[in-house]
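Dear colleague,

I am handing over a structure that you have not seen before, and below it I have set down what I found. Please read the notes with the structure open beside you.

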Amino acid sequence: PLWSRGLGDVYKRQTTTGALPRPTWYTENLRGKTLSEGLSRRAYREQHMDCLSCHISAQNKAGIDIFVDGDTRLDDDVAGKSWVSYALERILKNYETKGLKVLAATEMEFHLIDESKNSILPPINPISKKRLSTPDILGISELDCFEDFFTDLQDSCEQMGINVQSIISESGCGQFEVTLKHCEALKASDDAWLFKSLAKGLARKYGMAATFMAKPYLQDAGNGMHIHFSILNLYGDNIFDNKTNEGSEVLRWAVAGCLEGLRGSTLIFAPFGNSYKRFVKNAHAPTSAQWGYENRTTAIRIPGGDFASKRIEHRVAGGDTNPYLAMAVVLGSALLGIENKLKPARPVSNNGYSNRAEELAESWKEAIDCFENDQFIKKIFSNQLIDNLVRTKRQELSEFKKIVSSKHWKYYVAAV
């Protein structure tokens, strides 16, 4: 059954001790069932977040605390308000009160790896039985080699109600990208989180590991989670579309908001020490607050295509991001830009890496400090969530300093 062969395996391997048992809600509600037959998505999120709170506590006992894709509660008088899914729902409610609805999609990049040799290595080709040594950029040969895994992944996504649009091999060795179809923003976040759990669980079934680490190999491409979104009005019209290639003034306001919030939200897009190894110039990851049309060297890209599908692509988040927090800060920033009619700088048409612009936070510590003190961020997230995340990340930073850097990957592979 889908859940017992895939997602359940994640829990046996996701803690540093490897001893966290399957939660009771999994055993009682989901064994052998699809998501629709077990819990609703909302109930799944709420019950699963309780499980991940236990996951965080278990890792604390092992000497390290990794704030992954779950939530933690503070105390009863603020129950729920520090939950990441609540943060996104609150922002989407603000859109609803203005008669707007957000459609979103994600591009999920990850590496298949072999960790059996006490290091991260490319996986063994199931057909040739040889280790991968070169990337198969946008090719089909690696997809053919790992056909059983990807067929199982697609079938499982279908059972879980996750709509896959495309699967391609990427520019890293053993790296792939799965694009999920656009849908309402909360479901898009659910799908992204569920997909990560599913991919990691299924990879174990095939004798590999799947990791969404931002930078598994220093000399190879990193993993991102690009977010695409558009906004519809009450009549179902895309308010970014004005029947021109440039898009509407509202689109530019939203872009300006995203750029304004970029530096302060670096911690969301790059939540771990490893994340900052991805931000290298000319290496497929943006490093500064710029935007452009069909420009993949900028943080914010406006893709081409037919007018009705006019949208914003936010390219900053790493594959290790929390989908709910990433979606929340992107949409929260865009809405602030629209509400305040912010105007962006001129779009960039050249190589964005060669321009001078406001940089993202350059280190984990700097990102934590920026997130804590940024006034724009305080308009998006509750004080409880900011305080909770900042304290968690400072604890992580302190604990990681005690661990030899060559061993850090062992904590990231399973957790992100």
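Of the 416 residues of the protein, what percentage count as buried? The answer is 60%, and please keep in mind throughout that this is a predicted model. The protein has 15 helices and 9 strands. As for how the chain comes together, residues 24 or more positions apart account for 73% of those contacts in the protein that have a separation of 6 or more.

Let me begin with the interior. The largest nonpolar core has 113 residues, and the members that touch the most other members are F195, F229, L331 and F381. Helix α11, which covers residues 323-339, supplies the largest share of this core, namely 12 residues. To take one of those well-connected members, F195 touches M108, F110, L153, C157, I162, V178, L180 and F212, when residues up to four places away in sequence are not counted.

Helix α11 also takes part in a helix pair that I would ask you to look at. Two packed helices are described by the angle between their axes and the distance between the axes. Here the partner is helix α5 (residues 84-97), and the axes of α5 and α11 come within 8 Å and cross at roughly 25°. Because angles under 35 degrees count as roughly parallel, α5 is described as roughly parallel to α11. The crossing of the two helices is left-handed. On the α5 side, the contact is made by V84, S85, A87, L88, I91, L92, N94 and Y95, while α11 contributes Y324, L325, M327, A328, L331, G332, A334 and L335. Sorted by class, this contact of α5 with α11 has 13 nonpolar and 3 polar residues, and no charged ones. You will recognise L331 in that list, as L331 was also named among the core residues that touch the most other members.

Two buried residues bring together parts of the chain that are separated in sequence. D191 is found in helix α8, residues 185-205, and with a relative accessible area of 2% it is buried, since the cut-off for buried is under 20%. The C-alpha atoms of D191 and P323 are separated by 9.0 Å, although these residues are 132 apart along the chain. S230, in turn, is found in strand β6, residues 225-232, and at 12% relative accessibility S230 also counts as buried. The C-alpha atom of S230 is separated by 5.5 Å from that of L103, which is 127 residues apart from S230 along the chain. Leaving out residues up to four places away in sequence, S230 touches K101, V102, L103, N238, F240, K310 and R311.

Finally, there is a point of backbone geometry to check. Most residues other than glycine have a negative phi. What is the value of phi near N118? Phi of N118 is near 65°, which is positive in a residue other than glycine, and phi of K129 is likewise positive, near 65°. N118 lies in the loop between β1 (101-113) and α6 (141-145), and K129 is found in the loop between β1 and α6 too. As to their surroundings, N118 counts as partly exposed at 45% relative accessibility, whereas K129, at 61%, counts as exposed.

With best wishes

How values were computed: Residues numbered from 1 in each chain as written. Predicted model: local features only at pLDDT ≥ 70, side-chain atom pairs only at ≥ 80, totals over all residues. Heavy atoms only, no water. Core = buried A, V, L, I, M, F, W, Y, C linked by side-chain atoms within 4.5 Å. Buried < 20%, exposed > 50% of the residue type's maximum accessible area, 1.4 Å probe, protein only. Helix = DSSP H or I, 4+ residues; strand = E, 2+ residues; numbered from the N terminus. Contact = heavy atoms within 4.5 Å. Axes fitted to C-alpha atoms, helices over the stretch in contact; angles between N-to-C directions. Parallel < 35°, antiparallel > 145°, perpendicular 65-115°, else oblique. Left-handed = near helix turned anticlockwise from the far one by under 90°. Nonpolar A, V, L, I, M, F, W, Y, C, P; charged D, E, K, R; others polar.
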